[in-house]
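Q: I should like a close look at one residue of this model, followed by an account of the parts around it and of how the chains are arranged. Please take the structure shown here as the basis.

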2 protein chains.
Amino acid sequence: MTYCVGLRLDAGLVMLADTRTNAGLDNISRFAKMSHWEAPGERALVLMSAGNLSITQGVVTRLSVACERAAAGEETESILTCPSMFRAAQLVGDAMAGEQRRYRSRLEAQGEAADATLILGGQRAGGAPRLFLVYSAGNFIEATADTPFFQIGEHKYGKPILDRVITPATPIPTALKAAFVSMDSTLRSNLSVGLPLDLAVIRAGEMRLAARRRIEADDPDFSAISTAWSEALREAFSEVPEVVLE
Amino acid sequence: MTYCVGLRLDAGLVMLADTRTNAGLDNISRFAKMSHWEAPGERALVLMSAGNLSITQGVVTRLSVACERAAAGEETESILTCPSMFRAAQLVGDAMAGEQRRYRSRLEAQGEAADATLILGGQRAGGAPRLFLVYSAGNFIEATADTPFFQIGEHKYGKPILDRVITPATPIPTALKAAFVSMDSTLRSNLSVGLPLDLAVIRAGEMRLAARRRIEADDPDFSAISTAWSEALREAFSEVPEVVLE
């Protein structure tokens, strides 16, 4: 499985992904599920993926090849040259549709699932930070002020804290903390989600990655939050009144 | 959907179930998912169910009819007369197998799911409090000191707090609080789980229900815990150090 969370805040975008993949319970590997593309000062995009790894790697390759071709002067539309983030989400969806057309029936003939979902976050010069959730059919939805975050993969364990804490006005340090706590709850409850993590932050208006960090098991920030959250949660629980039956 | 949680503690058994059922998103109803049988001082059992409601109601009816027949002097083995809780779990599993034999192929022919899971908790005179998880095939597992709780239905949102708090040594008032907090997290994150709740408590050695209570939306205990937990969680979150990117 996988757990990825993307937050769309007034202050920018926070993206956090785990790196564990499994083909069956006894075949666990580590693969990056986060990719990024940058034209610093003009635009920055981050993509996170869940689902069939061959499909999502294929999507990333299609997008990267288009960026290279466009950079080489070929007449190709790419997520680094298209006129809007909405169009970038369409191109991601088209790459997904291409992969699904190529492999879905073959995968299903062998009883394998071709489903995949993607979270695309990014900002271009002149636009706002935007966050999209792209489905297997290539269609997508966009995060709004009502629902300023998307999760893919094993999303349930880490949802309650996001529901309680995240609003568009949440500042980036608090959002990072919430993303880490959300990931920590998921790591504790589901073995198929695992360290290390990949973190990316795009501050609104910067059009570049403010941070792109791999978080290993001994990362001091993540360990501090994990430990402090555990203690704070225990304390919070002990403060709640007990129920005494008559 | 459904959320039911059963805790097997040294101090006894705590069982908590929601009451929301849905046949499609637009057909929401309220049905009890908790049943109990008692021979006060000799044994007490509580059963909670998730999955196909016609199947689980059928299981409960089969078990109750057997209890009535046994009480009327017929030669029938029932969960109130069988020699152990293990045998009671077998009888519950047999009732499940009977329902599955009768309806599964017919349900599947119409594209409906026949799956159901049950949590059975109980104690008889001379035995310990025991907790079982019974599957659609009628097979079952028993809670142990390593994993002293079972959840069925929409279990993920409410699992992190149980993972952190519940051990066999947890006293009943704390266990009730944990069950309420676990249910509260689930109610907040999943619309298909809903109030009112059904609560049952069997204290070790009493062989009767110490509590059997319906908890409505305005229940003072549940409201107090829900509000206090919300506040304590916010405070806990604010106490965790923020991550400041360089």
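Is Leu131(A) buried or exposed, and how many other C-beta atoms lie within 10 Å of it?

A: The model is a predicted one. Leu131(A) is buried, because 27 other C-beta atoms lie within 10 Å and the threshold for that class is 20 or more. The residue belongs to strand E8 of chain A, which spans residues 130–134. If residues up to four places away in sequence are left out, Leu131(A) touches Gly6(A), Arg8(A), Leu13(A), Ile119(A), Gly121(A), Glu142(A), Ala143(A) and Phe150(A). As for Thr147(A), it is 16 residues from Leu131(A) in sequence, and the two C-alpha atoms are 11 Å apart in space.

A residue of the other chain may be set beside this one. Thr227(B) is part of helix H5 of chain B. It is partly exposed, since 13 other C-beta atoms lie within 10 Å; the class in question falls between 12 or fewer for exposed and 20 or more for buried. Thr227(B) is separated from Asp184(B) by 43 residues in sequence, whereas their C-alpha atoms lie 9.8 Å apart.

Asp184(B) also takes part in a helix packing within chain B. Helix H4 (residues 172–189) and H5(B) have axes that come within 10 Å and cross at roughly 70°. The two helices, H4(B) and H5(B), are therefore roughly perpendicular to each other, and the crossing is right-handed. From H4(B), the residues Lys177(B), Phe180(B), Val181(B) and Asp184(B) meet Phe222(B), Ile225(B), Ser226(B) and Trp229(B) of H5(B). By class, the residues of this contact are five nonpolar, one polar and two charged.

A second packing within a chain is found in chain A. Helix H1 (residues 53–71) and helix H2 (residues 85–109) of chain A cross at roughly 130°, with axes that come within 9 Å. H1(A) and H2(A) are therefore oblique to each other, and H1(A) passes H2(A) in a right-handed crossing. On the H1(A) side the contact is formed by Ser54(A), Ile55(A), Gly58(A), Val59(A), Arg62(A) and Leu63(A), and on the H2(A) side by Leu91(A), Val92(A), Ala95(A), Met96(A), Gly98(A), Glu99(A) and Tyr103(A). These residues divide into eight nonpolar, three polar and two charged.

The relation between the chains comes next. A turn of 180° with a shift of 0.0 Å along the axis lays chain A on chain B with an RMSD of 0.0 Å, which is the relation of a two-fold axis. Tyr157(A) is the residue of chain A that comes closest to the rotation axis, with its C-alpha at 2.5 Å. The copies meet through the same surface, because 100% of the interface residues of chain A are also interface residues in chain B.

The contact draws 37 residues from chain A and 37 residues from chain B. On the side of chain A that touches chain B, helix H3 (159–165), helix H4 (172–189) and helix H5 (220–239) are the elements that give two or more residues. H5(A) gives the most, with 12 residues. That side of chain A has 23 nonpolar, three polar and 11 charged residues.

H5(A) and H5(B) themselves pack against each other across the interface, with their axes 9 Å apart and at an angle of about 155°. They are therefore roughly antiparallel, and their crossing is right-handed. H5(A) contributes Ala228(A), Ala232(A), Leu233(A), Glu235(A), Ala236(A) and Glu239(A), and H5(B) contributes Ala228(B), Ala232(B), Leu233(B), Glu235(B), Ala236(B) and Glu239(B). By class, this contact has eight nonpolar, no polar and four charged residues.

Some backbone details remain. Most residues other than glycine have a negative phi, and most peptide bonds are trans. The peptide bond from Leu195(A) to Pro196(A), however, is cis, with omega near -5°, and Pro196(A) lies in the loop between H4 and strand E11 (197–203) of chain A. In chain B, the bond from Leu195(B) to Pro196(B) is cis, with omega near -5°, and Pro196(B) is placed in the loop between H4 and strand E11 of that chain.

Met207(A) is not a glycine, yet it has a positive phi of about 50°. It sits in the loop between E11 and strand E12 (211–215) of chain A and counts as buried, with 22 C-beta neighbours inside 10 Å. Met207(B) has a positive phi of about 50° and is located in the loop between E11 and strand E12 of chain B. Met207(B) is buried, with 21 other C-beta atoms within 10 Å.

Notes. Residues are numbered from 1 along each chain as its sequence is written. Chains are lettered from A and ligands numbered from 1 in the order in which they are written. This is a predicted model: local features need pLDDT of at least 70, side-chain atom pairs count only at pLDDT 80 or more; totals for chains, interfaces and linings use all residues. Copies are superposed by least squares on the C-alpha atoms of residues with pLDDT of at least 70 in both. Two residues are in contact if their C-beta atoms, placed from the backbone, lie within 7 Å. Helices (H or I, at least four residues) and strands (E, at least two) are DSSP runs, numbered from the N terminus. Ala, Val, Leu, Ile, Met, Phe, Trp, Tyr, Cys and Pro count as nonpolar, Asp, Glu, Lys and Arg as charged, and the others, Gly among them, as polar. Axes are lines fitted to C-alpha atoms, for helices over the stretch in contact, and angles run from 0 to 180 degrees between N-to-C directions. Angles under 35 degrees count as roughly parallel, over 145 as roughly antiparallel, 65 to 115 as roughly perpendicular and the rest as oblique. A crossing is left-handed if the near helix is turned anticlockwise from the far one by less than a right angle, and right-handed if clockwise.
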